[in-house]
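Hi everyone, and thanks for coming. I'd like to walk you through one model today, so please have a look at the sequence and the structure before I start talking.

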Amino acid sequence: MTDTKPDDRTSEPCGCKVGRIADQYALEGLDDELVRYWTDRTEDRYSTRDLAEHVNQRVLAAALDEAGLQYKDGEVENTYRLLTSDDVSSGTRVQTRKELERDAVPIEDVESDFVSHQTVYNHLTDCLEASLESPSDEERLERSRDKLGALRNRTSAVTEDTIDQLERGDVLDIGEFNVLVNVTVTCEECKTQYTVQDLFDQGGCDCQQSAD
């Protein structure tokens, strides 16, 4: 594992999007945080998706500060979730934006300054010259869990929004409801069924492990 020297990261800001918004929003120490969190070899290490969320929450917090808003611990994180999470309904997202606009937060500009995990990765590797060892099996499984969990949440949110729209349009009649999305994996060798979580947790199907 290699790291960039601290004095290299405190020179002139780079020209990429992360460098630009760090300068624009006065996000002091951001580069040091990104490298430290990304190269941490403990269970607390951030993925590039985690880092993008961290950057975006710092951008949002800076915008709230600029508008003179007071907020409690956890409120920035929750506001960011309401703006971006796949498991939040479109109505809640719109209402959150309206409330921020009413409080003089230029939310459209702020959201356009949010960065993706790929942008953060490029900043780390190209601008800061940081690098990682190959991820462990545990890290690869955790990333896969996160990816599939996000897809499941998005499917649930889209289904909920669709049913809500049909109900409001008097096309569908339903009372209070919950949407559950379950994915089952079936091993064709022995016909055993697993949830994705169970399959990941035990490292494969019982029949394959027995064969080994």
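**A walk through the model**

Let me begin with burial: 31% of the protein's 212 residues count as buried. By buried I mean under 20% relative accessible area, with exposed being over 50% and partly exposed in between, using a 1.4 Å probe and protein chains only.

Some housekeeping before we go on. This is a predicted model, so local features need pLDDT of at least 70 and side-chain atom pairs count only at pLDDT 80 or more, while totals for chains, interfaces and linings use all residues. Residues are numbered from 1 along each chain as its sequence is written, and side-chain values use heavy atoms, with hydrogens and water left out.

Now the overall picture. The protein has eleven helices and two strands; these are DSSP runs, H or I of at least four residues for helices and E of at least two for strands, numbered from the N terminus. Reading from the N terminus, the order is α-α-α-α-α-α-α-α-α-β-β-α-α.

What about the dimensions? The C-alpha trace spans about 60 × 55 × 25 Å along its principal axes. The radius of gyration is 21 Å, where a compact globule of 212 residues would have one near 17 Å. That radius is taken over C-alpha atoms, and the globule rule is 2.2 Å times the number of residues to the power 0.38.

On to contacts, meaning heavy atoms within 4.5 Å. Among contacts with a separation of 6 or more, 58% join residues 24 or more positions apart.

The surface comes next. About 13,800 Å² is exposed, and carbon and sulfur atoms supply 44% of that; the areas come from the Shrake-Rupley method with a 1.4 Å probe, and for residues only the protein chains shown count as cover. As for charge, there are 23 positive and 49 negative charges, and their mean positions are 2 Å apart. Here Lys and Arg count as positive and Asp and Glu as negative, with His and the chain ends not counted. Each charge is placed at NZ of Lys, CZ of Arg, CG of Asp or CD of Glu.

So, which residues have the most contacts inside the largest nonpolar core? They are Val59, Val110 and Leu124, in a core of 31 residues. The elements giving two or more residues to this core are α2 (17–24), α3 (30–39), α4 (48–66), α5 (75–84), α7 (107–112) and α8 (117–127). The most comes from α4, with nine residues. A nonpolar core here is a set of buried Ala, Val, Leu, Ile, Met, Phe, Trp, Tyr and Cys residues joined through side-chain atoms within 4.5 Å.

Let's zoom in on Leu124. Not counting residues up to four places away in sequence, Leu124 touches Leu34, Val35, Trp38, Leu51, Glu129 and Ala130. Helix α3 itself is mostly covered, with seven of its ten residues buried: Leu30, Asp31, Glu33, Leu34, Val35, Trp38 and Thr39.

Val18, in helix α2, counts as buried because its relative accessibility is 0%. Beyond its neighbours within four places in sequence, Val18 contacts Leu30, Leu34, Val115, Thr119, Val120 and His123. Between Val18 and Cys207 there are 48 Å, C-alpha to C-alpha, and the two are 189 residues apart in sequence.

Now for some loops. Asp87 sits between α5 and α6 (90–102) and is partly exposed, at 41% relative accessible area. Outside four places in sequence, Asp87 has contacts with Arg81, Asn153 and Ala157.

Is Cys205, in the loop between α10 (196–202) and α11 (206–211), buried or exposed? Cys205 is buried, because its relative accessible area is 7%. Its contacts, again leaving aside neighbours within four places, are Cys187, Cys190, Tyr194 and Leu199.

Finally, some backbone angles. Most residues other than glycine have a negative phi. Ala104, in the loop between α6 and α7, has a positive phi of about 70°, and at 56% relative accessibility Ala104 counts as exposed. Asp170, in the loop between α9 (137–168) and β1 (184–186), has a positive phi near 60°. Asp170 is exposed too, at 72% relative accessibility.

That's my tour, and I'm happy to go back to any part of it. Thanks for listening!
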